[in-house]
Amino acid sequence: MTDKNKVAAELERARRRTVLLTEAVDDADLVRQHSPIMSPLVWDLAHVGNQEELWLVRDVGGREPVRRDIDELYDAFKHSRRDRTALPLLSPQEARKYVGQVRDKAMDVLDRVRLDGSRLAADGFAFGMIVQHEQQHDETMLATHQLRLGAPVLEAPAPPRAINKITGEVLVPAGSFTMGTDTEPWALDNERPAHAVHVDAFYIDAAPTTNGEYAQFIAAGGYDEPRWWSERGWAHRQEAGLTAPQHWQRDGDGWAYTQFGRTQRIIDDEPVVHVCFFEAQAYATWAGKRLPTEPEWEKAARFDPATGRSRRYPWGDEPPETRHANLGQRHLAPAPVGAYPDGASPLGVHQLIGDVWEWVDSDFYGYPGFSMFPYEEYSQVFFGGDYKILRGGSFGTDAAAVRGTFRNWDHPIRRQIFSGFRCARDAADV
Ligand SMILES: [Fe+2]
């Protein structure tokens, strides 16, 4: 039975993050659109409150609406991000007041509701969904911060240094493993049900591809050689004029990158971030490899050959601690490869959770036996669309919003997200 105090603490933790990200800038900045592919931060803020109102206050709690009149403005399906600044949005002051009112009511609902009652309330699922939703928007808001121009406003200590030198590949043996989950209480519909998947033997890189490795691809003319790129990838590379990861710029004979308003030389052993799927795929081809498929990634992350079962996380079943993974915006950059030996999988694959989202070469579909819950717009409407899957979360992802089964998806051209990758290859011929 889920503990109400824990649920309340998770809601409060998410809100502290939202407050930090929205108080870091002034009101003019909150209402500004920093990029046509992102919402103004004030939209995210009120949208987080609106979803909480819809699911916790109205649905689980059966309470009267706080502001039914604004539902349409904050419905992500009604207005594209590009159009959101033109809407009569709540001002920063109104948005703060609104999310506070909703939160008071949601806490009151939590106080009174039975967590063994309706399917939506069972194990605190709806509360978990709202915690994850707010944390996901906190990551989106962090991505908006990365796109905004001007002086730095966010501070965080540097990530830990590498403890071990991690190189090379890990052989994942052929065989069936359990993918997805039936038991994770806050898992979303697209992570369910648990099902057996056979995976042929394959090699996967022990660590994500680093800045230093990626710089070699650039130096080798990787962006000028159509043969490394898929047809669509090359067309996009040409049209978008891609020459390096987003936020990279030439610095003498090397590269610098800008993170949250600060520019410095790239750190060679840090996982590369802000690459699109097509760039990841081109690098892998150039390296004589390929991207892992989604089942391969999940098997590398969860399969324990000693027991034959799938773990919740690479290191075991216990929730992430600071020694396991770079999560939760504690650091505003990926950690160098080798910084989290305690987070490795039983087979010795490192930094699968945290640091950078990893593109995998799979499209977004429901698992066999998929059942939509609690609403179609969560996952189902995206199945079969022009999306590629990303796994494992980034330094910007909260522990509440990622696990071994968690599935993220985005358009293959996107790179404002904290996206990197690692490579794999077939092992059939060894
Ligand atoms: Fe949302």
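Colleague: What is the order of the three strands in the open sheet, and which sense does the pairing take?

Modeller: The order is β5-β6-β7, and the pairing is antiparallel. At the edges stand β5 (248-251) and β7 (262-265), each with a pairing on one side only. From one strand to the next, the twist averages 35°. Before we go on, please keep in mind that this is a predicted model, in which local features need pLDDT of at least 70, side-chain atom pairs count only at pLDDT 80 or more, and totals for chains, interfaces and linings use all residues. Residue numbers start from 1 along each chain as its sequence is written.

Colleague: What makes β5 and β6 a pair?

Modeller: Two strands pair if DSSP finds at least two bridges between them. Strand β5 and strand β6 (residues 254-259) have four bridges, in the antiparallel sense, so they meet that definition. Arginine 250, for instance, stands opposite tryptophan 255 in β6. The names themselves come from DSSP runs numbered from the N terminus: helices are H or I runs of at least four residues, strands are E runs of at least two.

Colleague: How do you know that β4 has partners?

Modeller: By the bridges again. Strand β1 (residues 169-172) pairs with β4 over four bridges in the antiparallel sense, with glutamate 169 opposite aspartate 205. Strand β12 (residues 424-426) is joined to β4 by three bridges, also running antiparallel; here tyrosine 203 has arginine 425 as its bridge partner.

Colleague: And which way do the residues of β4 point?

Modeller: In β4 (residues 202-205), Phe202 and Ile204 point one way, Tyr203 and Asp205 the other way, and all are buried.

Colleague: Let's turn to the helices. Why is α1 called roughly antiparallel to α4?

Modeller: The axes of helix α1 (residues 4-23) and helix α4 (residues 92-112) cross at roughly 165° and come within 11 Å. Axes are lines fitted to C-alpha atoms, for helices over the stretch in contact, and angles run from 0 to 180 degrees between N-to-C directions. Angles under 35 degrees count as roughly parallel, over 145 as roughly antiparallel, 65 to 115 as roughly perpendicular, and the rest as oblique. The crossing angle therefore makes α1 roughly antiparallel to α4.

Colleague: Which residues meet across that pair of helices?

Modeller: Lys4, Val7, Ala8 and Arg15 in α1 meet Arg103, Met107 and Leu110 in α4. Contact here asks that the C-beta atoms, placed from the backbone, lie within 7 Å.

Colleague: How do you know that the UniProt "binding site" residues gather at one spot?

Modeller: The unreviewed UniProt entry lists His47, His133 and His137; such annotations may be inferred rather than shown by experiment. These residues span 91 residues in sequence, yet no two of their C-alpha atoms are more than 10.0 Å apart, so they gather at one spot. Histidine 137 touches Asp44, His47 and Val48, leaving aside residues up to four places away in sequence.

Colleague: Why are histidine 137 and histidine 133 put in their burial classes?

Modeller: A residue is buried if 20 or more other C-beta atoms lie within 10 Å of its own, exposed if 12 or fewer, and partly exposed in between, with C-beta atoms placed from the backbone. Histidine 137 has 24 and is buried, whereas histidine 133 has 19 and counts as partly exposed. Histidine 133 is in helix α5 (residues 125-147), and histidine 137 is found in α5 too.

Colleague: What makes helix α9 mostly covered?

Modeller: Eight of the nine residues in α9 (residues 294-302) are buried, among them Trp297 and Ala300.

Colleague: What makes the phi of aspartate 355 stand out?

Modeller: Most residues other than glycine have a negative phi, and most peptide bonds are trans. Aspartate 355 has phi near 70°, a positive value, and lies in the loop between α9 and β8. With 34 other C-beta atoms within 10 Å, aspartate 355 is buried. Aspartate 123 also has a positive phi, near 55°, but is partly exposed, with 16 such neighbours.

Colleague: And where are the cis peptide bonds?

Modeller: One runs from arginine 192 to proline 193, with omega near -10°, and proline 193 is in the loop between β2 (175-179) and β3 (195-199). Another joins phenylalanine 373 and proline 374, where omega is about -5°.

Definitions and conventions:
Two residues are in contact if their C-beta atoms, placed from the backbone, lie within 7 Å.
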